[in-house]
Amino acid sequence: MTPAGGSTVQDLVALAEIDLCGELIIAASAVAEERLSQDRIDEVLMGVMSG
């Protein structure tokens, strides 16, 4: 049985969050430094959100 109302929206939000995390993981694996800079994180997230 499917829960009433809102489950599709929740699924879309969850998929968007998974996509963002995936892009951050890809970006992190491509840098030589131990961590991504805040600027690089912002760049990755803005790229995902814009297109």
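Helices here are DSSP runs of H or I with at least four residues, and strands are runs of E with at least two. By that definition, the protein has two helices and zero strands. The model is a predicted one.

**Overall exposure**

The protein has 51 residues, of which 10% count as buried. Its exposed area is about 4300 Å², and carbon and sulfur atoms supply 60% of that area.

**The helix pair**

Helix α1 covers residues 7-29, and helix α2 covers residues 38-50. Their axes come within 10 Å and cross at roughly 135 degrees. That angle makes α1 oblique to α2, since angles over 145 degrees would be needed to count as roughly antiparallel. The crossing of the two helices is right-handed.

On the α1 side, the contact is made by Asp-19, Leu-20, Glu-23, Leu-24 and Ala-27. On the α2 side, Arg-40, Ile-41, Val-44, Leu-45, Val-48 and Met-49 take part. By type, the residues of this contact divide into eight nonpolar, no polar and three charged.

**Two charged residues of the contact**

Asp-19 and Arg-40 count as charged, and both belong to the contact, Asp-19 from α1 and Arg-40 from α2. Asp-19 is placed in helix α1, while Arg-40 lies in helix α2.

How buried or exposed is Asp-19? Asp-19 is partly exposed, because its relative accessible area is 41% and the partly exposed class runs between 20% and 50%. Arg-40 is also partly exposed, with a relative accessible area of 31%.

The table gives a C-alpha separation for each of these residues.

| C-alpha pair | Separation along the chain | C-alpha distance |
|---|---|---|
| Asp-19 and Val-48 | 29 residues | 8.1 Å |
| Arg-40 and Leu-24 | 16 residues | 9.3 Å |

The partners in these pairs, Val-48 and Leu-24, are also among the residues that make the contact of α1 with α2. Val-48 belongs to α2 and Leu-24 to α1, so each pair joins one residue of α1 to one residue of α2.

Definitions and conventions: Residues are numbered from 1 along each chain as its sequence is written. This is a predicted model: local features need pLDDT of at least 70, side-chain atom pairs count only at pLDDT 80 or more; totals for chains, interfaces and linings use all residues. Side-chain values use heavy atoms; hydrogens and water are left out. Buried means under 20% relative accessible area, exposed over 50%, partly exposed in between (1.4 Å probe, protein chains only). Accessible areas come from the Shrake-Rupley method with a 1.4 Å probe; for residues, only the protein chains shown count as cover. Axes are lines fitted to C-alpha atoms, for helices over the stretch in contact, and angles run from 0 to 180 degrees between N-to-C directions. Angles under 35 degrees count as roughly parallel, over 145 as roughly antiparallel, 65 to 115 as roughly perpendicular and the rest as oblique. A crossing is left-handed if the near helix is turned anticlockwise from the far one by less than a right angle, and right-handed if clockwise. Contact means heavy atoms within 4.5 Å.
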